[in-house]
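Colleague: Please take one helix-to-helix contact in this model and go through it closely. Then add whatever other local detail you have, cut-offs included.

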Amino acid sequence: MKSLSDRPVNPVVGVPVSHESAAAHVTGTALYTDDLVVRSSNALHAWPVQSTHAHARIAGLRTEPALEVPGVVRVLTASDVPGVNDAGIKHDEPLFPSEVMFYGHAVCWVLGESLEAARLGAEAVEVDYEPLPSLITVEEAIAAESFQGNRPTVARGEPDKALEDAAHRFSGEFQFSGQEHFYLETHASFAYIDESGQVFIQCSTQHPSETQEIVAHVLNLSSHDVTVQCLRMGGGFGGKEMQPHGFAAIAALGATLTGRPVRLRLNRTQDITMSGKRHPFHAMWDAGFDDDGRLQALKATLTSDGGWSLDLSEPVLQRALCHIDNAYFIPNIEVNGRIAKTNKTSQTAFRGFGGPQGMLVIEDLLGRCAPLLGVDPSELRRRNFYEPGQSTPYGQPVRHAERLQAIWQSLSDRADVARRREEIAKFNASHPNVKRALGLTPVKFGISFNLTAFNQAGALVHVYKDGSVLINHGGTEMGQGLHTKMRQVAATALGVPLSSVRLAPTRTDKVPNTSATAASSGADLNGGAIKNACEQISERLAEVAARKLNIHPDDVRFDDGKVTGIGFHDSAMTFAELARDAYFQRVSLWAAGYYRTEGLHWDSARMQGEPFKYFSYGAALAEVEVDRFTGAYRQLRTDIVHDVGDSLSPMIDVGQIEGGYVQGAGWLTLEDLRWDASDGANRGRITTQSASTYKLPSFSEMPEEFNVHLFERATESGVVYGSKAVGEPPLMLAFSVREALREAVAAFGPGDVEVELASPATPEAVFWAIERVSAPSSSSSSSGSGDLVTSTSSAQ
């Protein structure tokens, strides 16, 4: 058995290569789901009839007027469903509802010869509503005790006693916003029925197997009757893990009933008003510190806004509770979680999957308490880092905890923090209306799915007689570079050039029962499966080569398309020659690979165990400049040191770190989701429905200088070629921007007061924070040991 983490001589992994579809992306030749409709001459187009109430009973539905619109072929309603009228795995998401649960909820779908015909037909459908009371905000749901799902608790030690004994005790409240995925490609599915009755669906989905499962139960079919393929996605970020299933089911139902291909693609407004987002959270906390600023206790309650149905809210909340500690050891802790049920879109997975929300609570807490303790915020963070031998509140040992200090020091040295602090102090002293500041924050993020069963993957690898290689795996490509890494893994495991390896589209009839491409586990799981399949083939080929070279199979070496033996470098053959010889000797040249993550255990009822294979570490330093009169700010410079183990593909990883950081900065500083919470006719309507009202990060929000460094000597044992996940952890590096803004705001005041900062910290929010610190008499402050500080930060 070969080690999973060991690399051969001259590996293809670790070599900087561009994204495998980069040229196709920039030239426009890369196909996405909606591009495929042009291949069909008789496709129908789907358009939703959306509710104009946040909560209402459907008293009447008249579809006949739509059928009178030229070009309308059919209107799909609940009576058309042959199987289960539900788009979710928890059976709480009716595909065609009798009671609309949010403003924009699809009541029925119109199929037309053209998109315009379907749109006009949808306008003609008549719906009678009986309005019902609605809950739009988390506060409303809490007051009404409107909750859903489990209420987990993570606990350790004696937090009540530790709080009573703490030298310094503070409490606070914090509410922060969600985030719209705003992927480039909106939700899209294209379904048709082949001559044998097989349902074939091209879908922009992160979880083809679950899309297959949902479509099958809606149509009352077995899974083998449904095939789902995902060529590539124009972004996913978690928004296409659960949410595509219902849209795919609508397209498949339409194709089944009409016998014609059906295309369903949401426009941007439909996508925003119909699909879920990152969960907003409300937090209340009570924290105790000793005289050295070390955390002694934390009690908190986290309430997530789950929207109208559960979706993935339970595992998102679990991960939030498991990450509220971030990089800090908290000996006594009790954190309770609950999910608010509101009349909004069903909130769903988003890059970080609850981890960012939990970590934001502790980072906000430390940023607010640091001046009250008289300790520099970055020093307060450093003092509370995990140390070797310590474990998390849920019982998992923190392996390689020493990397936190090492990364922190490396970043401080590389970014020249001491010198820059002196320069900033001089700048601020001479600029009363403009202030600069540094924010320095760490990341510790657990890698693996919360649900242990999801930590498995399969792959199918073919070697052809000419030595070329075709690989299939269960992961999906959403721009993150997974396919690029998998080609590099296959090339390394087989000892062939990267150019010899081609990757086929992800589809359920090639690799079955796959997990979602999520939880940052795509490369770990699918890479392990591909390596397993390739090693099965290479072991067979080694037997063939050994007979020809007259050496032991263990002494055969595969390198860059050449096959040699130890001490036999003058006697070699090409990989293609060996493959041909193996074929004529009737040796199998294909293999199905499988991988399951070892060493995981999680008891979700007790919230105890070891749910993560390892932790990814990192740290970021952000420098900002803030204007006193407008609250406007610039990111002057960002420095990052991040642990990706031994990188499988350095260019891809650096790109993921940069992209994750910018997306996190968008969530924390710009992207402000707003719903109409008034009692008017538009109550529950999301008002930020497009890029004109929802601010996304652009070039102008990028740091003017951006430095990313991959932490050295960081091999992770037990993971494919010693690498670590890179999809989600970098997003949390953006906490550094928010903390830098907090420090800049503090520089306008006396410097020893708590700075409340809303999230997102928009220029408007920064302006009001400056106003508060400029009037210190109205701010909370600590006057001595044991004081209780109660304050509120809100995104509203």
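Modeller: The helix contact comes first, and other local sites follow.

This is a predicted model, with local features needing pLDDT of at least 70 and side-chain atom pairs counting only at pLDDT 80 or more, while totals for chains, interfaces and linings use all residues. Residues are numbered from 1 along each chain as its sequence is written, and side-chain values use heavy atoms, leaving out hydrogens and water.

Take α10 and α18. Helix α10 spans residues 355-373, and helix α18 spans residues 735-746. Helices here are DSSP runs of H or I with at least four residues, strands are E runs of at least two, and both are numbered from the N terminus. The two helices pack at an angle of about 25°, with axes 11 Å apart. An axis is a line fitted to C-alpha atoms, for helices over the stretch in contact, and angles run from 0 to 180 degrees between N-to-C directions. The pair α10 and α18 is therefore roughly parallel. The classes are: under 35 degrees roughly parallel, over 145 roughly antiparallel, 65 to 115 roughly perpendicular, and the rest oblique.

The crossing of α10 past α18 is right-handed. That term applies if the near helix is turned clockwise from the far one by less than a right angle, and left-handed if anticlockwise.

Now the residues. From α10 come P356, M359, L360, E363, D364, G367 and R368. They meet F735, R738, E739 and R742 of α18. Contact means heavy atoms within 4.5 Å. Sorted by class, this α10 to α18 contact holds four nonpolar, one polar and six charged residues. Nonpolar covers Ala, Val, Leu, Ile, Met, Phe, Trp, Tyr, Cys and Pro; charged covers Asp, Glu, Lys and Arg; the others, Gly among them, are polar.

Set α6 and α7 beside that pair. Helix α6 (residues 208-219) packs with helix α7 (residues 244-258) at about 45°, and their axes are 9 Å apart. That angle makes α6 oblique to α7. The crossing of α6 past α7 is right-handed. On α6 the contact uses E210, T211, I214, V215, V218 and L219. On α7 it uses H245, A248, A249, A252, L253 and T256. The class count for α6 with α7 is eight nonpolar, three polar and one charged.

Back to α18 and the loop between α18 and α19. Helix α19 spans 763-773, and P760 sits in that loop. The peptide bond joining S759 and P760 is cis, with omega about 10°. T762 is in the loop between α18 and α19 as well. Its relative accessible area is 14%, so T762 is buried. Buried means under 20% relative accessible area, exposed over 50%, and partly exposed in between, with a 1.4 Å probe and protein chains only. Beyond neighbours within four places in sequence, T762 contacts Y633, T669 and L670.

Two residues other than glycine have positive phi. N326 has phi near 45°. It lies in the loop between α9 (313-322) and β16 (332-340). N326 is buried, at 0% relative accessible area. M607 has phi near 55°. Its loop runs between β26 (601-603) and β27 (608-610). M607 is buried too, with 0% relative accessibility.

Helix α9 is mostly covered, with nine of its 10 residues buried. Among the buried ones are the charged side chains E314 and R319.

Next, N526 in helix α15 (residues 522-549). At 6% relative accessibility, N526 counts as buried. Setting aside residues up to four places away in sequence, N526 touches A457, G458, H473, G474, G475, L482, M486 and S521. N526 and G609 are 83 residues apart along the chain, and their C-alpha atoms are separated by 24 Å.

S41 is exposed, at 80% relative accessibility. It belongs to the loop between α1 (22-27) and β1 (44-50). S41 and R260 are 219 residues apart in sequence, with 9.9 Å from C-alpha to C-alpha.

One record entry to finish. UniProt, in an unreviewed entry, places "domain: Aldehyde oxidase/xanthine dehydrogenase a/b hammerhead" at residues 27-133. UniProt positions use the numbering here, feature names are shortened, and annotations may be inferred rather than shown by experiment. Over residues 27-133 the chain is 14% helix and 32% strand. The end C-alpha atoms of that stretch are 51 Å apart.
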